[in-house]
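This report describes selected helix contacts and individual residues. The sequence and the structure come first, and the account follows.

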Amino acid sequence: MLGKLLGRGGERPEADPHALPAVRRRKNGTYTLRALGDARVLALVEAADAGAWEAVKEALVPFDLGRDHHVLGELADLDGVRDWIGRAVEEDEEHRATALLISGVRHIGWGWEARTSARAVDVTREQWRVFHERLRIAEEQLFEAAELRPEWITPWRRLLTSGRGMSLGPAVNETRRDAALRRDPLDLETHIEWVSQLQPRWGGEPGQALAFAREALAAAPEGHRLGCVIAMAHIEERVESGNEDCLDTPEIQAELRDAARHSVLHPAYERRPGWQVDFNTFAMALSLASESIVVPRVFHELDGACTAWPWSYMAQPEKTYARFRRVA
């Protein structure tokens with residue numbers, strides 16, 4: 001029975017030689033994934049934490065920061081990066097594009113930290129000033145990085161985030177979206193950014209985001225992670241509606257089930273560093289929809305690994321993950 005549930009003979013994929021060793025789990029068997037669960041990413045994070053730019057560059061060799069959103073995100077989320085990345089931008093001409101990319105993305109996060117997650121009406125004038133100042137710096141740096149490395153996707157995806165924060169309008173953001181998708185029409189993170197952009201709270205119309213996600217999935221090959229866009233669109237729908245039970249319908253359950261089988265549960269799916277984020281996205285969407293057929297397999301494959309995204313949408317991310325896992 002378990003073999004049928006897991007598929008592929010019930011066997012797990014071959015062991016990842018770069019996987020981090022066993023981690024300390026909570027009593028409920030869960031743990032928060034660190035450094036994408038990859039020893040190479042951990043070396044990169046530790047070098048960045050230490051402010052060692054030369055070691056950061058060496059640790060980046062296995063990765064393409066212009067396309068790998070997960071690895072870039074690990075760097076950009078480190079508070080200490082802003083203490084040394086400016087020197088790298090000014091002093092390392094050979095790797096200026098990389099330094100600009102890291103700095104630009106960090107400034108976006110830094111800007112949102114100043115704004116906070118409060119409603120717009122509750123954000124002070126000083127908070128808005130700092131927010132926009134940091135986003136302007138981010139935009140300048142990301143545009144220069146994109147000019148230096150025109151094949152990169154990540155600057156354009158992040159410019160969508162800053163453009164949304166600065167309320168630059170649909171025309172500007174559509175141009176940025178198209179720039180990213182010209183470089184990779186199947187880029188998942190760009191699609192997810194656009195799903196957010198199409199939410200009513202950012203000026204979109206009800207149903208637009210889901211229609212966009214369905215069109216994207218229809219163009220995705222079997223085994224491609226772009227299927228996660230359906231899961232994320234439904235999570236956003238639930239956030240917008242404020243109705244905890246809005247996804248609990250047979251139609252939505254079936255759509256999420258089909259999308260999971262088409263993407264992360266398909267034999268052709270490739271487990272790159274950060275694959276757990278894709279599985280967590282489906283775990284959250286399927287759980288919110290009270291789906292019961294494929295969600296056990298999704299949680300089984302995760303083996304207790306909880307990622308910050310997308311559970312940060314929930315008031316108690318880790319507890320919610322554990323609860324959904326327990327009942328799956």
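In this predicted model, helix α6 (residues 96-115) packs with α8 at an angle of about 25 degrees, and the two axes lie 10 Å apart. Angles under 35 degrees count as roughly parallel, and α6 and α8 are therefore roughly parallel to each other. Their crossing is left-handed. On the α6 side the contact is made by L101, V105, I108 and W112, and on the α8 side by T154, P155, R158, T161, S162 and G165. By class, the residues of this contact divide into five nonpolar, four polar and one charged.

Helix α6 also packs with helix α4 (residues 69-76), here at an angle of about 65 degrees and with the axes 9 Å apart. That angle makes α4 roughly perpendicular to α6, because the range from 65 to 115 degrees counts as such. α4 passes α6 in a right-handed crossing. L72, L75 and A76 of α4 meet L101, I102, V105 and R106 of α6. The classes in this contact are six nonpolar, no polar and one charged. L101 and V105 of α6 take part in the contact with α8, and L101 and V105 are also listed in the contact with α4.

Helix α9 (residues 170-183) has 14 residues. From its first C-alpha to its last, α9 reaches 20 Å, close to the 20 Å expected at 1.5 Å a residue. The buried residues of α9 are N173, R176, R177, A179, A180 and L181. These buried residues pack against α7 (125-148), α8 (154-165) and α10. An α-helix has 3.6 residues a turn, so residues three or four places apart point the same way. Among the buried residues of α9 are N173, R176 and A180.

Four individual residues are set out below with their places and relative accessible areas.

| Residue | Place | Relative accessible area |
|---|---|---|
| W311 | helix α16 (residues 308-311) | 0%, buried |
| Q199 | loop between α10 (188-197) and α11 (208-218) | 1%, buried |
| L36 | loop between β1 (31-32) and α2 (39-49) | 8%, buried |
| S290 | loop between α14 (275-288) and α15 (295-302) | 41%, partly exposed |

What does W311 touch, leaving aside its neighbours within four places in sequence? The contacts of W311 are N280, A283, M284, C306, P317, T320, Y321 and F324. The C-alpha atoms of W311 and W275 are separated by 15 Å, and the two residues are 36 residues apart along the chain. Helix α16 also holds P310. The peptide bond from W309 to P310 is cis, with omega near 5 degrees.

Q199, in the loop between α10 and α11, counts as buried because its relative accessibility is 1% and the cut-off for buried is under 20%. Not counting residues up to four places away in sequence, Q199 touches G204, A209, E236, E237 and E240.

Backbone geometry is the last topic. Phi of L36 is near 60 degrees, a positive value in a residue other than glycine. For S290, phi is near 60 degrees as well, again positive in a residue other than glycine. L36 is buried at 8% relative accessibility, whereas S290 is partly exposed at 41%.

Conventions:
Residues numbered from 1 in each chain as written. Predicted model: local features only at pLDDT ≥ 70, side-chain atom pairs only at ≥ 80, totals over all residues. Heavy atoms only, no water. Helix = DSSP H or I, 4+ residues; strand = E, 2+ residues; numbered from the N terminus. Buried < 20%, exposed > 50% of the residue type's maximum accessible area, 1.4 Å probe, protein only. Contact = heavy atoms within 4.5 Å. Expected span 1.5 Å × (residues − 1). Axes fitted to C-alpha atoms, helices over the stretch in contact; angles between N-to-C directions. Parallel < 35°, antiparallel > 145°, perpendicular 65-115°, else oblique. Left-handed = near helix turned anticlockwise from the far one by under 90°. Nonpolar A, V, L, I, M, F, W, Y, C, P; charged D, E, K, R; others polar.
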